[in-house]
Amino acid sequence: MEDMLTIELARRLSDAGLRWEPVSGDRFVVPVSGMENDVFVISEITVDVHHFTTGDVIGFNGTTEWALDSVEQDKVVWLPREDQLRDLLGESFVSLEQLEGGYAVSARRRDGAVERHADIDAERAYARALLARLETSAPEGEQTA
C-alpha cells in the first residue's frame, strides 16, 4: 500500500467522524490477517480479459467467482482517494505544495488561521488536514462522502 492512505490513518478519519456512503470507484481493505494489503475497488461491473487461441475477449461479469461473497461494511476500512479528501476539505483547502520527500496541504481552520499538514504523499497530507478539521469539529460537524 505504498503511496496510498494507510489503514491506520483511514481508521483515524473514521474514528474522528468521517462516514462513508460507498459508491463505484471507492477503495477499501478487509483488515484481517493476510488481506491487509489487498485493496478492493467497488465496481458496478467486473470486466475481465479472456485469452483464447482465436483472440482475446473482454468479458463483462456481474460478480467474480470468489470465496468471499460479501462482507459487512463496518468490517472493512475505506481508503478515501486524494480527490475525495480534497472535496471533503471543501472551502478550507488552501493549497497543495510539493516538498522534498513529500507534500504539504495547507488548510484554513475554523478560526481563520492556516495550518500545514505534511506527509510522504499528497493523499496522506490531505488526510492529515481533514483529520485535523474533523478532530476540532463539533459532533454535528460529521463529514460524509
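# A guided tour from the whole chain to one sheet, one helix and one pocket

Buried residues account for 33% of the 145 residues in the chain, and, since every value below is computed from coordinates, keep in mind throughout that this is a predicted model.

**Whole chain.** Begin with everything shown as a cartoon and coloured by secondary structure, where you will find three helices and eight strands, arranged along the sequence in the pattern α-β-β-β-β-β-α-β-β-β-α. If you then switch to a surface, the accessible area comes to about 9,200 Å², with 48% of it belonging to carbon and sulfur atoms. Contacts are worth a thought before moving on: among those between residues at least 6 apart in sequence, 50% join residues at least 24 apart.

**The sheet.** Select residues 93-99, 102-108 and 114-119 next. These are strands E6, E7 and E8, which form an open sheet in the order E6-E7-E8 with antiparallel pairing. The edges are strand E6 and strand E8, each of which pairs on one side only, and from one strand to the next the twist averages 20°.

**From E6 into E7.** Keep E6 and E7 in view and look along their pairing, which is antiparallel and runs over six bridges. Leu99 stands opposite Gly102 in E7, and the hairpin of these strands has two residues between them, with Gly101 taking a positive phi near 85°.

**From E7 into E8.** Now shift the selection to E7 and E8, which likewise pair in the antiparallel sense, over six bridges. Two pairs of facing residues help to orient the view: Tyr103 stands opposite Asp119 in E8, and Ser106 stands opposite Arg116 in E8. The hairpin that E7 and E8 form has five residues between the strands, and in its turn Gly112 has a positive phi of about 95°.

**Ser106.** Is Ser106, a residue of strand E7, buried or exposed? With a relative accessible area of 8%, Ser106 is buried, because it falls under the 20% limit used for that class. Show everything that touches this residue, leaving aside neighbours within four places in sequence, and you should find Ser92, Phe93, Val94 and Ser95, together with Val114, Glu115 and Arg116. Widening the selection to the whole strand, five of the seven residues of E7 are buried, so the strand is largely enclosed by the rest of the structure.

**Helix H3 on the sheet.** Bring the three strands back and add residues 122-135, which make up helix H3. This helix packs on the sheet and touches E6, E7 and E8, while its direction makes about 140° with that of E8.

**Arg12.** Move next to helix H1, residues 7-15, where Arg12 has its place. With a relative accessible area of 41%, Arg12 is partly exposed, because that value lies between the 20% limit for buried and the 50% limit for exposed. Which residues does Arg12 touch, not counting those up to four places away in sequence? They are Arg128, Leu131 and Glu135. To see how separate parts of the sequence come together here, select Arg12 and Ala127 and draw a line between their C-alpha atoms: these two residues are 115 apart in sequence, and the line spans 9.5 Å.

**The second largest pocket.** Stay with H1 and turn to the second largest pocket, which has a volume of about 260 Å³. Of the 15 residues that line this pocket, those closest to its centre are Ser14, Trp20, Val76, Val77 and Trp78, so these five make a convenient selection for placing the view. The elements that give two or more residues to the lining are H1 and strand E5, residues 77-79, and the largest share, four residues, comes from H1.

Notes
Residues numbered from 1 in each chain as written. Predicted model: local features only at pLDDT ≥ 70, side-chain atom pairs only at ≥ 80, totals over all residues. Heavy atoms only, no water. Pairing = 2+ DSSP bridges. Axes fitted to C-alpha atoms, helices over the stretch in contact; angles between N-to-C directions. Contact = heavy atoms within 4.5 Å. Buried < 20%, exposed > 50% of the residue type's maximum accessible area, 1.4 Å probe, protein only. Areas by Shrake-Rupley, 256 points an atom, 1.4 Å probe, with all protein chains shown as cover. 1 Å grid on protein atoms, 1.4 Å probe; cavity = no way out; pocket = protein on both sides within 12 Å on 5 of 7 lines; lining within 4 Å. Points joined across faces, edges and corners; volume = space filled by probe spheres on them.
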